[in-house]
Each structure stands twice: as structure tokens, then as C-alpha cells.
Amino acid sequence: PGPSLAPTKSERPKVAPVVESLDFTFSQAPPPNLPSKSPAVAGSAAQPIREEPQGAMEDLAMDQFWSAVCNGDLGVVEKAVKSGICHAGLRDAADHSPLWDAIAFQQMLVAKFLFRSLPPGQPGAWDLSEKHHRTGDSLLHLICRCPPEKFDMPAAELFRDVLLNAPETIFNHQNAQGCTFLHIAGYQCNFWVLRAVLTNGPQKSLELLGLAHVDNVPLAPLQCLLEATKLQAPRAPEWKPSEVLPDWFKLPQMLSRTASGDGSVPFSDMAFDVPGDPAPSRYFAHRVVVASQSQVLADLVANSPLVDDGRVIVEVDAGVSKEVWKCVLQFLYTTEIRCSFESNVDMLLELLQACALYSLPKPLVNFVESRLFALTKVEVAAKILVASKATLRSAAVVNAATVVLSKAQDLISRQPDAVVPAALRAIDVCEQHVKQARAQAEQPPAAARQQATAEPPAQAAAHHRPQPARQGQDDAFKQDQARLAAIYHQQMAQQSRQQGRGASAGGYASRMMG
């Protein structure tokens, strides 16, 4: 019951293109099968290579080929590969291969075609251990430096192909700044690369997550992500006990059992069934009390069927224990929080889940989050991230994400099995934070919004211009006004003649009507 709080897939953000179809592991997989004649590239707008006579490419100058690689002219590159001009030993003035230049200039479609035209495992294949002579970047570094908004499907497939076929030393290779490719992915907020590496190579990814040397500053890859996203730990929620109900308000006594022997309470018209072993536990309650404090519970009460005794039965979510739900009911009836599990992380998470599922009052949410904030150990933070099904905007979840990202190395040494699940959840929190910050940045300021929503002068004038029907009404009103003015003028003239002031009366009347 209640709204689903599982993380839903939102619209594809600019910072993290969703590439769900790629499924790979870090084992050395065989190269992809290629067509025998023309290696086609998915999504390519170029036409298939036409059979041309021998020597037709002799007029193609080498500078035209390099220009095509850098500018993404796939048709020219295809012809160069077919004619033999492009090969793995070809180098530019900076001693870089065509594959390197295509990646460096972010022409991922061309780079993907070049990679598959000379695949690993065949004679004359590309040297996937190529590095920059000054920066020390590898091909994986170079791919991860692609801006997130340009990291599309060809880029993701190229990253996969290089990762699967590159030498083992390239995976842990650090450039001149001490960064692995995962550091670069963190700095670039490339959430897809981070998820792909952690999901498909959880054991090997621990080696990268433990490396922490960036320009002599001890930053691990997840710390780079934390710094790039500017995710900060939120302030601990303030909680103070609610005001106690007055003595004359006997609402808490309505939970006392009657003498009927069936466990019911006075005037109860509903009950909650909480799952348990061997049988669920039933707690009687009152619809008006429950529905007045939670819209979700109000909807459940309104849509649940009546049983034989005229009561409504609501089944509580299976992830909430009876001890936790008893705490919820006591709060709804007394405004007091009687929690016997303040140091139990699992039960606190159950209570947080119940608050999110049933949209319970804010004081109860603040209480459980304040208690989770007090548990600052990285192992507890990882447990909060993995076990909690609450929304990513929950203050306790965001705080746990900052702890895990900043102390991932400690978690690796203490609970290595919990690193990857907690890190993946923390990456989700970072992605939502980036999307929310970008949406706020794209909103115009208040003055600009007010000016944008104001009517343009021409449009406002058009709105105030009399319409044809109203124009006729205005003409009739003017005619009536002129007729009344004439009558008034005649009366004033007659009166002035009687008083001997004929001529001045007309002027006086005209001035009055004016």
C-alpha cells in the first residue's frame, strides 16, 4: 500500500546518458563480429562504401584524412580504411594514432568505426596501450574526458570495447597527475561509467576506489565525484517533543481495549493488519484520527473494503514490523514518540520507510532522521544507503551518501562487500542532486520570470481593443448620452429664458456636459 518509493528512472539527464543495454564483464571477451566487406557503424548516416576501381583513393591527400578524422567525416574515413591509407601504425605530428585523434576530438562514431575496422586479436590491430607522452593519459582517460552531454551510445560502446581488450596494466594506470580513468569519470560526473565499472567488475573496481593520489592530494575516485557534484551533508533535522495533548482530550484512551474480549478499542471503525510470524498482528484504530494526519492513509481508508463487523482493514507494508507500527500509532494518538529502538539502525530504517510510504507527519520524520544522523560511522552510513527504500532526498540518505563518498577507503578496509552497493546508491544521490541543481540554474530569476509572463504592449493593446459586439454597445451608449445631453440642454435653455439668461445657459450646459 502507499506510493512506490523505489528509485524510478527519470528523464535522461544531460550529465548522465542512460545506456542500459550494455552488458559486459572484465574478462577478456572475444572481439565483436564484424561484417566481411564494410564495417557498418550503428547510427551512422554515411552511405555504404561503393566498390571503386583500384587507385581511386590515390588522390586523397593525407591532410584530408586527418581533417576527416578530427571533423567526424565518416564517409572519407571509410574510404581511407578501405584503400589502406589508414592503418594502426599511422601517426600524426604529435605521434598519435587516428583512433586517438578521433577520441580526442570527441568524434566517437568515427572512433568506434576505426576500432572495429582493425579489431584486437588480428594482425595490424590498434595499440590499446597508447598513452599521451606528456599527460600520461590512456585511451580510457581520453574517453572519460568526453563531456557528459556528448557521452552517447557510440562513446559507451567504445569505452566497453577498449576496457575489455586493453592490457591489464591500463585498467589501473595512473596519469601524470595520479588519476586513473575512474578519477576522470568522477570529475566529469560521468555516472554511466561509474555505474558500469562498479556493476560489471565489483572486485577489480575496489582496486581503483582505493587509489587516492591526485596531484599529491589524497583524493579517491568517489571523493572526486563528491567534489565535482558539490554535494554537501545537510543540516541535521531539528526535533523537539511535540506539545502534549490536554488532559481533557481523552484521545489516547481510545486505544485502550474494551471489555468485549475481542481486543477492540472504543468506537473503533478500522484496523491495521501488520505482517508477522506466524500470523499478522491486528491493531484497532479510528478512521477520523488516522485519515486526518496522513493523506495516504486517508486514501487507503477510503478505498479499503468493509469486513463483516463494519470495520475497514488496512494491510501494512511487509517491510514494517509491528514494533515500528506500534510506535507510529502511539504518535498519531498522543503526539509523543515512544521509541525503544533508537540505537537499532534496521528498525530506524523501517520507521523512516513507514514515514515515506504513508506520508506521516513531519515531526516523526525529523525524529528518525535526527537519530540516524547521530550514527556517523561509515559502516552505518553504508547500511542506511543500501537498506533504506526512502526517497533520495531524505536528509538521512543524503548525509549517508556524503559519508560513504568521503570515507570509501575506510569502508573498503572494514566491509569490502558493502562498498559497491553503497557506492551505487551514493551515485544515485549525486545524480539527483546534479539534476536538481541544473534545473534550478536553468530557471530565470524572479524579475525575468515576471517580465516573461507579462503581456507584450502590442498583445495587451489587442486585448483592450473593443471587440465587435462591445463596439456596438459603446455606440449605443454614446447615442443615449447625446440624447440625454440634448434634453438637458433644452431644459436649461428654457429655464434660462424664464430667468432672462438665455444665451449663457447653453454655454453653461455645454460646460457641464463637457
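## A tour from strand β1 to N190

Start by selecting strands β1 and β3 (residues 312-315), which run parallel and are joined by 4 bridges. The model on your screen is predicted, and the stops below follow β1 and its partners before moving to a loop.

Within this parallel pair, pick M270 and then look across to β3, where V312 is the bridge partner of M270.

Next, restrict the selection to β1 itself, residues 270-274, a strand that is mostly covered, with 5 of its 5 residues buried. Show the side chains here: M270, F272 and V274 point one way from the strand, whereas A271 and D273 point the other way, and all of them are buried. In a regular strand the side chains alternate between the two faces of the sheet.

Now add strand β2, residues 281-285, which pairs with β1 in the antiparallel sense over 5 bridges. The two strands β1 and β2 form a hairpin, and 6 residues lie between them. To find one place where they face each other, select V274 of β1 together with S281, which stands opposite V274 in β2.

For the last stop, leave the strands and go to N190, which sits in the loop between α8 (181-187) and α9 (191-200). Is N190 buried or exposed? With a relative accessible area of 0%, N190 falls under the 20% cut-off and is therefore buried. Finally, add V193 to the selection and display the distance between its backbone nitrogen and the side chain of N190, where a polar atom of that side chain lies 3.1 Å from the nitrogen.

Conventions
Residues numbered from 1 in each chain as written. Predicted model: local features only at pLDDT ≥ 70, side-chain atom pairs only at ≥ 80, totals over all residues. Heavy atoms only, no water. Buried < 20%, exposed > 50% of the residue type's maximum accessible area, 1.4 Å probe, protein only. Pairing = 2+ DSSP bridges. Polar contact = N/O pair within 3.5 Å; in protein donor to acceptor, adjacent residues only side chain to side chain.
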